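Me: Please take a close look at the salt bridges in this predicted model, and work through one part of them in detail. I would like a single connected account.

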Amino acid sequence: LTPDGGVVVVGHTKSNDGDVSGLSGTAWDIWLAKVDSAGELVWQYCFDSGQGNDYGQAIVHGPGGTFTLLGHRQYGGPCPWANYKLIVFNVDSMGQTHWLNCFGGSGFEYSESLLHTMDGGYLVAGATMSTDHDGIGNHDPTGTYYDALLGRTNALGIREWAKVMGGSLHDVPKGWAELPNGDLLMLGWAGSSDGDINNTHGDEE
């Protein structure tokens with residue numbers, strides 16, 4: 001929700017007609033749009049690297065009326081790694097990008113959750129099959145199963161840390177919560193019963 005009663009949403013699109021304009025080509029673009037309290041479109045923008053598919057997953061308020069978005073990008077951006085990686089970026093209501101950063105490795109990543117922390121930073125969560133770069137420590141060295149990929153930036157989008165959590169099977173984060181004392185909770189599901197995962201009762205809890 002915005003202070004004027006509107007709503008800003010993020011997703012992805014392959015359209016370039018109707019309410020959507022600015023698609024870069026024929027691949028998926030991240031799509032950001034605002035509607036007013038009556039549901040009428042106020043503005044919309046498409047974001048992409050120009051080199052493949054881009055998917056929008058989550059949005060939070062940023063400083064000064066900006067918005068910070070989480071998604072995953074196939075190619076391009078500040079990370080030189082091939083394949084999909086997590087991207088987090090800050091934009092204003094004019095569609096201008098203020099900063100962009102990414103997390104991942106040379107395997108496959110997809111985005112899940114974004115949290116704006118009390119100190120102004122951002123926590124990102126997604127899943128990774130990478131075993132290099134931010135995927136170092138992946139509990140499946142074959143790169144076949146997903147581990148949770150967690151990362152943090154400061155308020156200016158500068159990376160502070162990244163880590164993987166999970167076991168030898170699929171383990172995927174779905175959401176963040178910050179406690180009043182600053183501790184963090186991460187909710188997800190786990191297929192593993194080893195590594196960082198214990199006290200399981202069955203498959204994919």
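Reply: Arginine 152 is buried, since its relative accessible area of 13% falls under the 20% cut-off. The side chain of this arginine meets that of aspartate 119 in a salt bridge with an N to O distance of 2.5 Å, and the pair links distant parts of the chain, with aspartate 119 in the loop between β8 and β9 (122-128) and arginine 152 in strand β10 (residues 147-153), 33 residues apart. Aspartate 119, in contrast to its buried partner, is exposed, because its relative accessible area of 55% is over the 50% cut-off.

Arginine 152 also forms a salt bridge with glutamate 160, where the closest N and O atoms are 2.6 Å apart. Glutamate 160 has a relative accessible area of 43% and is therefore partly exposed. Asp119, Arg152 and Glu160 are thus linked in a network of salt bridges.

In the whole structure, a search finds six salt bridges, and one of them joins lysine 174 to glutamate 112, with the closest N and O atoms 3.1 Å apart. Because lysine 174 lies in strand β12 (residues 171-178) and glutamate 112 in strand β8 (residues 109-116), this pair ties together parts that are 62 residues apart in sequence. Here the carboxylate partner, glutamate 112, counts as buried at 12% relative accessibility, whereas lysine 174 counts as partly exposed at 42%.

Terms used: Residues numbered from 1 in each chain as written. Predicted model: local features only at pLDDT ≥ 70, side-chain atom pairs only at ≥ 80, totals over all residues. Heavy atoms only, no water. Salt bridge = Lys/Arg side-chain N within 4 Å of Asp/Glu carboxyl O. Helix = DSSP H or I, 4+ residues; strand = E, 2+ residues; numbered from the N terminus. Buried < 20%, exposed > 50% of the residue type's maximum accessible area, 1.4 Å probe, protein only.
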